[in-house]
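Please look at the sequence and the model shown here before reading on. The questions that follow ask how certain descriptions of it are justified.

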Amino acid sequence: MFPRRLAAAAAAAARAGPRGGGWLAALANQCRFVTGLRVRRAQQIAQLYGRLYSDGARRVLLGRLWRRLRGRAGHASAVMAALAGVFVWDEERIQEEELQRSIDEMRRLEEMSTMFQSSGVDRHPPEPKPQPEGSEDSGARAQPWDMVMEKKHFKLWRRPIAGTPLYQYRVFGTYTDVTPRQFFNVQLDTEYRKKWDALVIKLEVIERDVVSGSEVLHWVTHFPYPMYSRDYVYVRRYSVDQENNVMVLVSRAVEHPSVPESPEFVRVRSYESQMVIRPHKSFDENGFDYLLTYSDNPQTVFPRYCVSWMVSSGMPDFLEKLHMATLKAKNMEIKVKDYISSKPLEIGGEAKATSPSSERKSESSCGPARIEYA
């Protein structure tokens with residue numbers, strides 16, 4: 001309503017000539033004054049609450065305000081969070097349903113694999129079928145998967161993401177010379193990755209959520225010349241279900257106030273990854289199958305087929321580097337953090353941990369007994 005009135009006033013001022021222009025300038029100055037006054041007042045309120053409340057209590061208060069404002073029109077909740085400089089976990093943490101969807105997809109592929117194995121076909125499944133509407137979050141769920149690459153130990157598919165020039169990729173593979181625990185830990189250990197992945201410029205945990213075990217990471221990586229390096233801010237969560245003998249790691253892009261966009265890098269704002277690992281026997285015996293589903297928008301100006309080629313060739317290369325890093329850690333007895341046995345607050349101390357209430361920190365446990373988190 002206010003913009004319409006302002007537009008009407010501007011039109012009237014234009015018809016009124018120079019005097020109208022002077023009146024419009026005065027109105028614009030008044031608007032700037034009121035806006036600046038409100039911004040300063042919001043900053044003063046944030047500083048006041050910062051002095052009166054602890055960090056945990058302040059996050060609880062902001063979380064409640066976020067939930068109240070979430071259903072209203074506009075971006076009031078986002079502006080409030082940005083002014084307060086906090087990350088609202090209630091909106092961004094990875095939920096159990098997201099983990100379960102990835103596990104269910106692995107189970108469907110395994111059922112297909114078993115069916116074809118009984119018919120004398122090799123271990124790997126055929127092209128996965130599109131899932132029913134609502135079974136996945138991706139906009140590409142109705143699109144068929146196309147085979148891109150087939151090797152002895154893995155198969156790679158892709159499918160277009162509806163409404164974009166991008167693809168979603170899926171790898172189903174097997175390793176028999178390392179254990180699931182070793183492979184899983186090497187993926188999660190950020191310090192070790194800086195040693196085996198030469199493309200990493202920066203990789204660190206920014207913040208952890210002790211409620212779910214989700215954590216926010218900032219990852220900066222080299223891209224092929226002449227492209228600029230890319231940086232990702234993403235939330236990840238993993239679970240280890242020993243009863244059903246499965247491990248899953250889910251990641252997706254988020255925004256975090258502690259990591260503003262830098263002119264040195266190109267920020268990748270669309271990114272999703274799901275890795276599911278199924279041991280052939282146990283977590284500590286060699287042999288497992290894995291399913292990796294991946295998509296991102298690297299913000300390049302290259303044609304679609306060039307980006308597809310880079311991802312299609314880069315993904316198997318990354319998986320092989322991950323495999324070799326796991327073998328190296330195993331054979332040379334390189335110390336890698338055991339994320340399966342550790343609790344969230346035991347894994348490093350460089351990132352700040354958040355919980356719903358500072359009073360609850362000493363009372364709450366780290367999660368269900370059968371699931372442990374990174």
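The questions and answers below concern this predicted model.

Q: What makes up the secondary structure of the chain?
A: The chain holds nine helices and eleven strands, and among its contacts between residues at least 6 apart in sequence, 60% join residues at least 24 apart.

Q: How much of the chain is buried, and how much area does the chain expose?
A: Of the 374 residues in the chain, 43% are buried, while the exposed surface comes to about 20,400 Å², with carbon and sulfur atoms supplying 54% of it.

Q: Why is Asn245 called buried or exposed?
A: A residue counts as buried when its relative accessible area is under 20%, and Asn245 has a value of 19%, so Asn245 is called buried.

Q: Where is Asn245 found, and what is its phi?
A: Asn245 is found in the loop between β6 and β7 (246–253), and its phi is positive, at about 60°, although Asn245 is not a glycine. Most residues other than glycine have a negative phi.

Q: Why is helix α7 described as largely enclosed by the rest of the structure?
A: Helix α7 covers residues 180–188, and eight of these nine residues are buried, so the description follows from that count; among the buried ones are Phe183, Phe184 and Val186.

Q: Which kind of peptide bond, cis or trans, leads from Tyr225 to Pro226?
A: The bond from Tyr225 to Pro226 is cis, with omega near 10°, and Pro226 lies in the loop between β5 (215–221) and β6 (230–241).

Conventions. Residues numbered from 1 in each chain as written. Predicted model: local features only at pLDDT ≥ 70, side-chain atom pairs only at ≥ 80, totals over all residues. Heavy atoms only, no water. Buried < 20%, exposed > 50% of the residue type's maximum accessible area, 1.4 Å probe, protein only. Helix = DSSP H or I, 4+ residues; strand = E, 2+ residues; numbered from the N terminus. Contact = heavy atoms within 4.5 Å. Areas by Shrake-Rupley, 256 points an atom, 1.4 Å probe, with all protein chains shown as cover.
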